[in-house]
Amino acid sequence: DHRDLHLSLRRQRQMCIRDRSYKFINYVKKNKIAYITINRPERMNALHAPANEEMTDAFNDFNKDPDTWIAILTGKGPKSFSAGNDLKYTNEQYQSS
């Protein structure tokens, strides 16, 4: 029935993140658009496990939210969108184990 569907969608929306704080990304939803910005300019937005976990969380939220239609992925800073894998972090983890 139409009312049940409406209530189900309302519950889904309530479960979705609106503006959540992360350490390595910025995630904001506005006007049906999700903006995900990699926020590690000091490492040319290179990705490491913690940043990947945050991005996975944000994209999962985007996927669950029927009110958000488009996701835009950007990188903070003037130098690089993303340098790819953070090899320095990977080496640091390897050296400490």
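Confidence in this predicted model varies along the protein chain: among its elements, helix H1 (residues 2-15) has the lowest mean pLDDT, 52, and strand S4 (residues 70-75) has the highest, 97. For the protein chain as a whole the mean pLDDT is 85, and 79% of the residues reach 70 or more.

The secondary structure consists of three helices and four strands. Read from the N terminus, these elements follow the order α-β-β-β-α-β-α. The protein chain has 97 residues, and 29% of them count as buried.

The interior comes next. In soluble globular proteins, nonpolar side chains tend to be buried together. Here the largest nonpolar core has 12 residues: Tyr 22, Phe 24, Ile 25, Tyr 27, Ala 34, Ile 36, Ile 38, Leu 47, Ala 51, Met 55, Ala 58 and Phe 62. Three elements give two or more residues each to this core, namely strand S2 (25-30), strand S3 (33-38) and helix H2 (49-64). Which of the elements supplies the largest share of the core? Helix H2 does, with four residues. An α-helix has 3.6 residues a turn, so residues three or four places apart point the same way.

Nonpolar side chains also appear on the surface. Val 28, Tyr 35, Trp 69, Ile 70 and Ile 72 make a nonpolar surface patch of about 480 Å². One of these residues, Ile 70, lies in strand S4, the element with the highest mean pLDDT. Is Ile 70 buried, partly exposed or exposed? Its relative accessibility is 46%, so Ile 70 counts as partly exposed; the range for that class runs between 20% and 50%.

Helix H3 (residues 87-96) is hardly covered by the rest of the protein chain shown: among its 10 residues, the count of buried ones is zero. Lys 88 lies in this helix and counts as exposed because its relative accessibility is 52%, where the cut-off for exposed is over 50%. The N-terminal end of H3 is capped by Asp 86, which places a side-chain oxygen 3.2 Å from the backbone nitrogen of Lys 88. Lys 88 can also be located relative to an earlier part of the sequence: Ala 46 is 42 residues away from Lys 88 in sequence, while their C-alpha atoms are 9.3 Å apart in space.

Conventions: Residues are numbered from 1 along each chain as its sequence is written. This is a predicted model: local features need pLDDT of at least 70, side-chain atom pairs count only at pLDDT 80 or more; totals for chains, interfaces and linings use all residues. Side-chain values use heavy atoms; hydrogens and water are left out. pLDDT is the predictor's confidence in each residue, from 0 to 100. Patches are made of residues with over 30% relative accessible area and no salt bridge: like charges are joined within 9 Å, nonpolar side chains (Val, Leu, Ile, Met, Phe, Trp, Tyr) within 5 Å. Accessible areas come from the Shrake-Rupley method with a 1.4 Å probe; for residues, only the protein chains shown count as cover. A salt bridge is a side-chain nitrogen of Lys or Arg within 4 Å of a carboxyl oxygen of Asp or Glu. Buried means under 20% relative accessible area, exposed over 50%, partly exposed in between (1.4 Å probe, protein chains only). A polar contact is a pair of N or O atoms within 3.5 Å; within protein, one must be able to donate a hydrogen and the other to accept it, and residues adjacent in sequence count only if both atoms are side-chain atoms. A nonpolar core is a set of buried Ala, Val, Leu, Ile, Met, Phe, Trp, Tyr and Cys residues joined through side-chain atoms within 4.5 Å.
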